[in-house]
Structures are given as structure tokens and as C-alpha cells.
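Visitor: I would like to learn how to read a model like this one, feature by feature. Where do we begin?

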Amino acid sequence: MGGPTADAMPAGTKSVTAAVALNDVTITFRMGKGVTYTAVSDATLSVADGEFVAIVGPTGCGKSTLLNVAAGLLAPSSGSAEIFGSPLSDLNRQAGYLFQADSLFPWKTALQNVAIGLETAGTPAGPARQRAQEWLQRVGLAGFAGRYPHMLSGGQRKRVGLAQVLIRDPKILLMDEPFGPLDAQTRQIMGNLLLDLWSADRKAVLFVTHDLEEAIALSDRVVIMSAGPAARIIGDWRVPLARPRDISDVKLDKAFHDLHREIWNVLKDEVLKGYAQTGGG
Amino acid sequence: MNRATLVGFQVLVMLVTLAAWHLLTAIPMADGKPLVPPFFFSTPGDVFARIWKWFYEGTIWRHLWITLTESALAFVIGSVGGVLVGFWFARQPLIAAIFDPYVKMMNALPRIVLAPIFTLWFGLGIWSKVALGVTLVFFIVFFNVYQGVREVSPTVLANARMLGMNERQLMRHVYWPSALSWMFSSLHTSVGFAVVGAVVGEYLGSAAGLGYLILQAEGTFDIAGVFAGMFVLAAFVIVIDALVTLVEKRLLVWRPDAADTRT
């Protein structure tokens, strides 16, 4: 078992103070002409305050859909979402969301992009810019404040995105394959940066990825989803790795490999099923 | 090819064209007449003498000013209208759906048939030309703004909402910049159409302007005057287009260049 916090919060327990609690969430899309598509079926999941949970599943299994429910961007067809004990009916105001696709405002500079989250909350422009500059420094982009998103590399844009979300100091961090489009080295660097920033004030994190290694290396708990349609949660593992971690070091750990093998045995079949359904896409 | 060579070739094309024109219209052949009658095609010498005369005597400035004023007014009024209505329609899908067939109908109408009506309504002064230009500019700007507001990336929009933006802030930080960027990307087209509206309007009935100048020359079979008018008009459009490019570069610094293939 990892740190002392790990034992205090056994896997899968729904504590009253869970930062995010999804209860029997089913999401069905109407495709028109009476055809429906159930993306996620009866998903129950809770993330304790300060806990880093990764959701792993094959392509197209509805991981992102589940995350959108937690963000309040999507209402579940049945079941409910609770944020710190109160039911979620509108947007999740306690959460910051890091998207998979480019989500920066292309017409704003890096600095303006980071500052905007504070400005919308009523912080005057001056102090907001100053804090934004500090955050740019924290993500290693101090010299790039005046650049527009298209002048930044993919990794740099993700850093700006991270600063944009974290400057608002959300209690919950929702991440949808945020490092998906990046190359392997950049992913590792971004992962370490994320862990670094996260360890400063342990927010609850729900991190969606299709990369099992990334999931184990980053999180406290790994949740596995089956292949869609009607994807379910089929496994929940606690990650017995000590923190602070360095992603490249942790991947050499024996406990890492044991857990990876154990989870992969379950995940493998689902991935194959997923490929069969999406035609390998 | 470097820039100097490129410009060299461009100048060469002009020289060859002028030389051929001169050769065909101004050099007498064996029978004592040029190959092409200068009455129909004028000669480069006559045309440039005419342009020189216009600028030397200063008569051209008034016409240029009138055409410029008409184009500018048409552009400003058409753009403001296009932005407002485009924004309104994009944010009110019901309104857009109701007006959709009429917008299509108006846009399908060849605007030139409106010119006589505008002359009747607004007289022979500049306003009938402005009105014609507005009908051209309005639709270009309208469609672009409409598209710009509706095609805001869903991810950017979701991000804006997650960052706590209310409806007013979404307007200011997301929809407005997106719509403006689409409008600016059509700046060349809309400015061009503003000029077309002005000149065509003048051509169909007016007392001043470049279109009027050309029309007058045609009326007296003054081919040198027609060509001179066309050259001045072309130069006028090129200058305006260059100004638009300057403005565009200034306003759209955040936009990736076409050559930039990053997504």
C-alpha cells in the first residue's frame, strides 16, 4: 500500500465527503428515428477529496462521457452525480476541466488565456495578469506570455491549459486524456509537472486516459471500464506506489509491473472487444 | 525565385504587353495604317497622356474622392448591418429559421437589378451607389459572422463555460472575437464588393465618380478615356487592397498563417 492516506480510504468506498460521487450513472444518447445508444451503463464511482483517480478503458468506451457528467456538461439519463455531497444539476463550479482537444482561446495570448479564468470570477485585470504571469512561470512558460496559442507547441499549449485551469484553484480537477496528442517524452514531462503541481495542494483528480502505464504512474486508484456500448466499470485497483513519484523511475518499480500485469489481464479482452467494434480505429 | 527576380518578371510582363499594344496600334504597317485600328483600342501613349492630363489638371481627384466615399460608406454600413444581423440570427436560431428563405432569396437576386430602383429612391447622388454597395457587402459580412458565431469550437465553448463565463462574458470573449475573425477574413472580398457597388452604381447613372468618367468616355467613343478610367480604377483598387492587407495583418496577429500546418 502507498501512503497512509491510501489505507484510510479503501477502494470503491462511497464516503460522505467524496469530492465526486457518481451513482448508477447511465448515459443514453438519442440518435434520432427512435435509435438510442447507451454509452455508459450503471457506473458507480467515487473520488475522495485529495485522491487521484484514473479511468482507463478501450477507445470509445465512454470514459470522456462519464467525465462530462462529473463536469456537469452532460446530464445523466439515469443515476446522479454528487459533488462534495450535494447533487449536481448545473455546471460543476468546483471543477476545473482540462480538455483533450485544443481549448485555449486562439485570439488571446498565453497570458490572457491564463488570466481569463480569474477575470470571469471578478478579479480586476491588473492583479489577474500578475497572478497569470506567476502561473506561467510555474508551468515553465515565463518567457511565452505574449505568444498566441498557434505560436506554441502542443506541449506548451497543454501547459498554458493547465495554468488556465489551476489558477482558479478548483477543488476538483477533471482531465480528459490531456496529454493524448503529445509525444512520449513530452507526456512524461507533463506528467511529472502535473504531479508536482498536484502535490502542492492535493485536489481531487479524475484523469481519463487509454494509457494504462500513464494511469498507474500518476494515480492513487485505477478504474477500468469495459468496451462500449453500455460500458461498465469492471475493476478498481489501488496503486501501491509511494509518493512523491517520478514517472520514469516509477515505471522501473516491480510493484508497477505486477499491477500493470494484473490490470492488463482484465483490460486486454476489453481492448480487443473495443477494437472489434470500432474496426481498429 | 527571389523577390527581385520576381518583380523583374512582373515588370517584364507589363513591358511586353505595352510594347505589343503599341506595336499593334501605333506603328503604321506597309499600307500606312496600323494593324489594329486605334479608334477601337486606343494607344498606350494616348491613354497615359490622358491619365497624366487628369492628374496634372486635377480633375480626377473629385471623381476618386466620390468613389472612395461611396465605397467607404457602403463598406461601413454593410459591415455594421451584417455583423449585427449575423450575430442576432446566430444567437436566435428561431429568427434565423423564419428568415432563412428570405435571406436566400435576397442573396440570390442579382443586385444590379436593384440599381434603377435605388436611383429612383435615393436620387442620382452618392446614396443610390452606397445602397447598391451595401446590398453586396451586407450579405458577405452577414454570412461570415453568422458562420463565425455558429462554428465556435465546441471544446473552446465548453472550456469557456467551465472557466465560469456567463452569457455576457461568452459573448465578449468567445463569440465576438470568433465572429470578427471571420469577418476580417472576408475583408478583401467585402471591400472589393463595396467598390464594385459604387462603380456599377455610377456607371448606371450619376454625375461624378470613376464609373461616371468611364461612362462619359464611352458615350463619346473616347476609347483612350475608357482605358484611362479603367487603369485608374485598377490602381485605386490595388491601393485599397494593400491598405486592407495592412489592417488585416494588424488585427489578426493571433491567426496562424495558411502555411502553418499545426492544428
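Guide: With the secondary structure of chain B, in what is a predicted model. Chain B has twelve helices and zero strands. Read along the sequence, the pattern is α-α-α-α-α-α-α-α-α-α-α-α. Its radius of gyration is 23 Å, well over the 18 Å that the globule rule gives for 263 residues, so chain B is more spread out than a compact globule.

Visitor: What does the C-alpha trace of chain B span along its principal axes?

Guide: About 85 × 55 × 30 Å. Buried residues account for 33% of the 263 in chain B. Now take contacts between residues at least 6 apart in sequence: in chain B, 71% of them join residues at least 24 apart.

Visitor: How do I check a single helix, say H1 of chain B?

Guide: Start with the general idea. An α-helix has 3.6 residues a turn, so residues three or four places apart point the same way. Then test the length. H1(B) covers residues 3-26, and at 1.5 Å a residue its 24 residues should span 34 Å; the end C-alpha atoms are 34 Å apart, which agrees.

Visitor: Is H1(B) largely in the open or largely enclosed?

Guide: In the open. The number of buried residues is one of 24, so H1(B) lies largely in the open. Set beside it H5 of chain A, residues 154-166. Its 13 residues reach 18 Å from first C-alpha to last, close to the 18 Å expected. Ten of the 13 are buried, so H5(A) is largely enclosed by the rest of the structure.

Visitor: Which elements do the buried residues of H5(A) pack against?

Guide: Strand S6 (95-98), helix H3 (110-120), helix H4 (125-138), S7 and H6, all of chain A. The buried residues include A:Arg157, A:Lys158 and A:Arg159, along with A:Val160 and A:Leu162.

Visitor: On to strands. What is the general idea?

Guide: Strands of a sheet pair through backbone hydrogen bonds, either parallel or antiparallel. In chain A, one open sheet of four strands has the order S2-S1-S4-S5, with antiparallel pairing. Its edge strands are S2 (35-47) and S5 (86-87), each pairing on one side only. S1 (residues 20-32) and S2(A) are joined by nine bridges in the antiparallel sense. For a marker, find A:Leu22: its bridge partner in S2(A) is A:Leu45.

Visitor: And where do I find parallel pairing?

Guide: At S8 of chain A, residues 204-209. S3(A), residues 52-56, pairs with S8(A) in the parallel sense over five bridges. There A:Phe52 stands opposite A:Val205. S7(A), residues 172-176, also runs parallel to S8(A), joined by five bridges. A:Asp176 stands opposite A:Val208. From S7(A) the chain crosses through helix H6 (residues 184-201) to S8(A), and this β-α-β crossover is right-handed.

Visitor: How many residues of S8(A) are buried?

Guide: Six of its six. In a regular strand the side chains alternate between the two faces of the sheet. Here A:Ala204, A:Leu206 and A:Val208 lie on one side, A:Val205, A:Phe207 and A:Thr209 on the other, and all are buried. Both faces are covered.

Visitor: Last, the interface. How many residues of chain B are in contact with chain A?

Guide: 18 residues of chain B, meeting 19 residues of chain A. H8 (154-162) and H9 (167-185) of chain B each supply at least two residues to that side. H8(B) gives the most, with six residues. By type, the chain B side divides into nine nonpolar, six polar and three charged residues.

Technical notes: Residues numbered from 1 in each chain as written. Chains lettered and ligands numbered in written order. Predicted model: local features only at pLDDT ≥ 70, side-chain atom pairs only at ≥ 80, totals over all residues. Rg over C-alpha atoms; globule rule 2.2 N^0.38 Å. Buried ≥ 20, exposed ≤ 12 C-beta atoms within 10 Å, placed from the backbone. Contact = placed C-beta atoms within 7 Å. Pairing = 2+ DSSP bridges. Right-handed = clockwise from strand over helix to strand, strands pointing away. Nonpolar A, V, L, I, M, F, W, Y, C, P; charged D, E, K, R; others polar. Expected span 1.5 Å × (residues − 1).
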